[in-house]
Amino acid sequence: MTETLPPNVYQPLCPTRMILDCIADKWTVLILGMLEDGPQRFNHLRREVGGISQKVLSQTLKSLERDGLVTRTAFPTVPVTVEYAITPLGMTLAGTIAGLRDWAESHIGAVLAAQQAYDQRMDQA
């Protein structure tokens, strides 16, 4: 009989590390934020999430779909229309991610000031 250990993100082989890697990705944060407002088409996401390539968007959406955070629906149009939506599981994560975005926007001034002070200290060293 195999003993199942409780999840522990500090252990290197714990599967929870995989989801933390996904959550910590900037593209995941931005895409889930966009999907909170409702289903979005691929090209709309690509236009709205500045700096993301088509390849990275596709890879990130596939990963989010695999993790159960996003659904993909294809409509039989010519050409095929594909829409992505956040799942109920994804919504449980959305609030936490929104908090990270809010923190980044609220504290960017302090972070930039700290970086500048650090860089000045390093230049003087």
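Two strands are said to pair if DSSP finds at least two bridges between them, and this criterion underlies the views of the predicted model described below.

**Figure 1. Close-up of strand 1 against strand 3 in the predicted model.** Strand 1, residues 40-41, is joined to strand 3 by 2 bridges, and the two run antiparallel. The bridge partner of Q40 in strand 3 is Y84, while R41 has E83 as its bridge partner in that strand.

**Figure 2. Close-up of strand 2 and strand 3, joined by a hairpin.** Between strand 2, which comprises residues 70-75, and strand 3 there are 6 bridges, and the two strands run antiparallel. V70 of strand 2 stands opposite I86 in strand 3, and the hairpin that joins the two strands passes through 5 residues.

**Figure 3. The open sheet of 3 strands.** The strands are arranged in the order 1-3-2, with antiparallel pairing. Strand 1 and strand 2 stand at the edges and each has a single partner strand, so one side of each is left without a neighbour in the sheet. Strand 3, residues 81-86, has 5 of its 6 residues buried, and it is therefore largely enclosed by the rest of the structure; buried here means under 20% relative accessible area.

**Figure 4. Close-up of the largest pocket and its lining.** The space in this pocket amounts to about 170 Å³, and its lining is made up of R41, F42, N43, H44, R47, P79, V80, T81 and V82. Helix 3, which covers 42-48, and strand 3 each supply at least two residues of this lining, and the largest share, 4 residues, comes from helix 3. Sorted by class, the lining of the largest pocket has 4 nonpolar, 3 polar and 2 charged residues.

**Figure 5. Close-up of helix 4, with its buried and exposed residues.** Helix 4 consists of 13 residues, 54-66, which at 1.5 Å a residue should span 18 Å, and this agrees with the 18 Å that separates its end C-alpha atoms. The buried residues of helix 4 are L57, T60, L61 and L64. These buried residues cover an arc of only 100° around the axis, which puts them on the same side of helix 4. The face turned away from that buried side carries the exposed residues K55, K62 and R66, exposed being over 50% relative accessible area.

Technical notes. Residues numbered from 1 in each chain as written. Predicted model: local features only at pLDDT ≥ 70, side-chain atom pairs only at ≥ 80, totals over all residues. Heavy atoms only, no water. Buried < 20%, exposed > 50% of the residue type's maximum accessible area, 1.4 Å probe, protein only. 1 Å grid on protein atoms, 1.4 Å probe; cavity = no way out; pocket = protein on both sides within 12 Å on 5 of 7 lines; lining within 4 Å. Points joined across faces, edges and corners; volume = space filled by probe spheres on them. Nonpolar A, V, L, I, M, F, W, Y, C, P; charged D, E, K, R; others polar. Expected span 1.5 Å × (residues − 1). Arc of directions from axis to C-beta.
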